[in-house]
Amino acid sequence: MKKMLFFITFLLTVIQITGQQVKSFKTTDGETLYYTSLGKGPKVVLLYGGPGFGVGPMRPWADSLSNQFECILFDQRGTGLSSNVKLDSTTINLKRATQDIEDLRMYLGEKQLTLCGISWGGMLAQAYASFFPENTRNIVLVSTLGPDLSLMSAFNDNMNMRRFPNERDSLTYWNNQPDSDLSKMKRDYFNFISEFYSHSVGYKMLPQFFGDTKFSETMSNLMWKDLSINYDLKPTLIKYKGRCSIIRPRQDPVPAESIYQIKELLPQTKIYFIEKSGHFPDYENPNELFEILKQIL
């Protein structure tokens, strides 16, 4: 009986610690955006990539970290739970995206934020630290591009180079097919597969990825249009004096030069490498990724 009571008490404690809550806040332009809170401890805002994907794939990150941190899974404007918003060039842009995070900070009552972002999420974390350096405590950048888009074409070249010949042929074939649920799914698979170090892992994990999030093409197109004009953080990121860590998968198609562009602006940056992993270390080497995160957050 005592063992049973202990087990029940333990389960209730785990539920209390890791129980999630969906919350919302009002932005300064009157929109309602949503986030999911998971765990207890110092707050960490998790930012996902795309732009255009909801934050769902970062739930395992929060599960891993929730015994030490309160993880804020933030659905950026136009994605996930925050999709029911006005979408145009005045609402989907870099300035507004960073202001949304600032509005979240004020709602949370935090003096400074710790941000952890992957891919585009890492770019957004850099942008917030650039525009609100005094309000940023720590940025953790995973599989991130640098402070501008100078290496974007090299990233695209690496993506194409890493597709096997049959994958390039398949992508060409499905790009030429009429739009349908099947053709869109196939395009997504053959677009993303070269981001994995192990393509066999990629084919196994991509169904989970697309099941965990939905892609907003409208949000993505609007944001990339703005980024092509306004994403140059070099003059402002240098003002940030807080902590910065970069987790670099060794086989990420993002050129390695990106992390040294950041390091040049932020000499306080610490760099951590994950071996045998592409752009998605959370799928290819999750245990190593989460252990590093626990050390540096």
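Q: Helices here are DSSP runs of H or I with at least four residues, strands are DSSP runs of E with at least two, and both are numbered from the N terminus. The model is predicted. In which loop does Lys-276 lie?
A: Two elements flank Lys-276: strand 8 covers 270-274 and helix 12 covers 281-284. Lys-276 therefore falls outside both runs. Its place is the loop between strand 8 and helix 12.

Q: Is Lys-276 buried or exposed?
A: Lys-276 has a positive phi near 50°, and it is not a glycine. Most residues other than glycine have a negative phi. The relative accessibility of Lys-276 is 55%. The cut-off for exposed is over 50%, so Lys-276 counts as exposed.

Q: Is Ser-119 buried or exposed?
A: Ser-119 also has a positive phi, about 60°, without being a glycine. It sits in the loop between strand 5 (113-118) and helix 4. Its relative accessible area is 19%. Buried means under 20%, so Ser-119 is buried.

Q: Which peptide bond is cis, with omega near -5°?
A: Most peptide bonds are trans. This one leads into Pro-51, a residue in the loop between strand 3 (43-47) and helix 2 (59-65). The cis bond runs from Gly-50 to Pro-51.

Q: How are helix 3 and helix 4 oriented to each other?
A: Helix 3 spans residues 94-108 and helix 4 spans 120-131. Their axes come within 9 Å and cross at roughly 75°. Angles of 65 to 115 degrees count as roughly perpendicular. The two helices are therefore roughly perpendicular.

Q: How many nonpolar residues are in the contact of helix 3 with helix 4?
A: From helix 3 come Leu-94, Ala-97, Thr-98, Ile-101, Glu-102 and Arg-105. They meet Trp-120, Leu-124, Ala-127, Tyr-128 and Phe-131 of helix 4. By class, 2 residues are charged, 1 is polar and the nonpolar ones number 8.

Q: Which element gives the most to the largest nonpolar core?
A: This core has 45 residues. Phe-74, Leu-115 and Ile-139 have the most contacts inside it. With 7 residues, the top contributor is helix 4.

Q: Beyond neighbours within four places in sequence, which residues does Phe-74 contact?
A: Phe-74 is among the residues with the most contacts inside the largest core. Its partners include Phe-25, Tyr-34 and Val-55. The others are Leu-33, Tyr-35, Val-45, Leu-46, Leu-47, Asp-100, Ile-101 and Leu-104.

Q: How many residues are in the second, separate core?
A: Its members include Leu-38 and Ala-62. Ile-292 and Ile-296 also belong to it. The count for this second core is 34 residues.

Technical notes. Residues numbered from 1 in each chain as written. Predicted model: local features only at pLDDT ≥ 70, side-chain atom pairs only at ≥ 80, totals over all residues. Heavy atoms only, no water. Axes fitted to C-alpha atoms, helices over the stretch in contact; angles between N-to-C directions. Parallel < 35°, antiparallel > 145°, perpendicular 65-115°, else oblique. Contact = heavy atoms within 4.5 Å. Nonpolar A, V, L, I, M, F, W, Y, C, P; charged D, E, K, R; others polar. Buried < 20%, exposed > 50% of the residue type's maximum accessible area, 1.4 Å probe, protein only. Core = buried A, V, L, I, M, F, W, Y, C linked by side-chain atoms within 4.5 Å.
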